Amino acid sequence: MTALVLALAAGALVGLALGALGAGGGLLTVPALVGLGVPPVAAGTAALVVVAVTAATALARHARQGLVRWRTGLLFAAAGVPTALAGGALAARLPDAVLTGAFAVIAAAAAPRMLLPGPAAGDVVRPPRPLHALAAGAGLGATTGVLGVGGGFLAVPALTAAVGLRIREAAGTSLLVITLNSLAALAVRAGPADGLDPAVLAPFAGAAVLGAWDGGRLAAKVSGAVLRRVFAGVLLAAAALMAVETVALAITS
């Protein structure tokens, strides 16, 4: 019963992050699943399932509001899908301590990025920079494949800085990129040996989907700065959890 309650609570938080910010889902899912006793590689695979389903759900809401730039998102994802496939194949060959350690570093680095505001409605947005967009898309795909995170914490700032989207459009478009990259990585990671427990995964994913709808409403009512500060704090906690897990794995290996 305790595991079920934790799965529901963590899933709801993941959904809120994706629905409100278009980012943070995978970075919260992986440490939450590891904390529930799922091995790191399996947690990465399970996170891709949760993030893909949740991001697709949130994407539908943003699309109805006209906040998804489909062509831009598809081009951005096109650069990331090949590296997501390669990263997904590589993940199973890396030691657990390497995966958790890399995750801790990336989560800690992502936290301050969550605090950076995007362009406001009246700001002049920089023109698109195709080479930066391709490089960012490829790096995002590799991160998704190896660590099992959707990469919205990278996609949102990249879509604003390199592609020239405003923050709300970047959040909506990032959900398209996250969905496609997650599905690509999942295609090479999923298999009978992953040991995914439906008793944990199903309530987690269900709560995340419901949380994504609430996250969309929350984003319209609460200051974006407040949301970013809250999720930055959660990311720092996730980084600390994965750092502890890395030390424990290094000691026992």
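This report walks through the helices, the nonpolar cores and one buried histidine of a predicted model.

**The chain as a whole**

Let's start with the overall make-up. The chain contains 10 helices and 0 strands, and reading along the sequence gives the pattern α-α-α-α-α-α-α-α-α-α. Of its 253 residues, 50% count as buried. The accessible surface comes to about 10,700 Å², and 72% of that belongs to carbon and sulfur atoms. If you take the contacts with a separation of 6 or more, 85% of them link residues 24 or more positions apart.

**Two nonpolar cores**

Now look inside. The largest nonpolar core has 44 residues, and the members that touch the most other members are Val 14, Leu 27, Val 30, Leu 33, Val 50, Phe 103 and Phe 204. Several helices each supply at least two residues of this core, including those in the table.

| Helix | Residue range |
|---|---|
| H1 | residues 2-21 |
| H2 | residues 25-35 |
| H3 | residues 40-64 |
| H5 | residues 96-114 |
| H6 | residues 130-147 |
| H8 | residues 167-189 |
| H9 | residues 198-221 |
| H10 | residues 224-252 |

Which helix gives the most to this core? That is H3, with 9 residues. Another core lies apart from this one; it has 13 residues, among them Phe 76, Leu 140, Leu 165 and Val 177.

**A closer look at helix H3**

Helix H3 deserves a visit of its own. Is H3 largely enclosed by the rest of the structure or exposed? Of its 25 residues, 18 are buried, so H3 is largely enclosed by the rest of the structure.

You can also check the length of this helix. At 1.5 Å a residue, the 25 residues of H3 should span 36 Å, and the end C-alpha atoms are indeed 36 Å apart, so the two values agree. After H3 comes Gly 66, which has a positive phi, near 75°.

**His 62, a buried histidine**

One residue to find in your viewer is His 62, which lies in helix H3. Its relative accessibility is 8%, and because buried means under 20%, His 62 counts as buried.

What does the side chain of His 62 reach at 2.9 Å? The partner is the backbone oxygen of Ala 58. Leaving aside residues up to four places away in sequence, His 62 touches Gly 19, Leu 67, Val 68, Gly 172 and Leu 175. Of these, Gly 19 falls within the range of H1 (2-21), while Gly 172 and Leu 175 fall within that of H8 (167-189).

Conventions:
Residues are numbered from 1 along each chain as its sequence is written. This is a predicted model: local features need pLDDT of at least 70, side-chain atom pairs count only at pLDDT 80 or more; totals for chains, interfaces and linings use all residues. Side-chain values use heavy atoms; hydrogens and water are left out. A nonpolar core is a set of buried Ala, Val, Leu, Ile, Met, Phe, Trp, Tyr and Cys residues joined through side-chain atoms within 4.5 Å. Buried means under 20% relative accessible area, exposed over 50%, partly exposed in between (1.4 Å probe, protein chains only). Helices (H or I, at least four residues) and strands (E, at least two) are DSSP runs, numbered from the N terminus. Contact means heavy atoms within 4.5 Å. Accessible areas come from the Shrake-Rupley method with a 1.4 Å probe; for residues, only the protein chains shown count as cover. A polar contact is a pair of N or O atoms within 3.5 Å; within protein, one must be able to donate a hydrogen and the other to accept it, and residues adjacent in sequence count only if both atoms are side-chain atoms. The expected span of a helix is 1.5 Å times one less than its number of residues.
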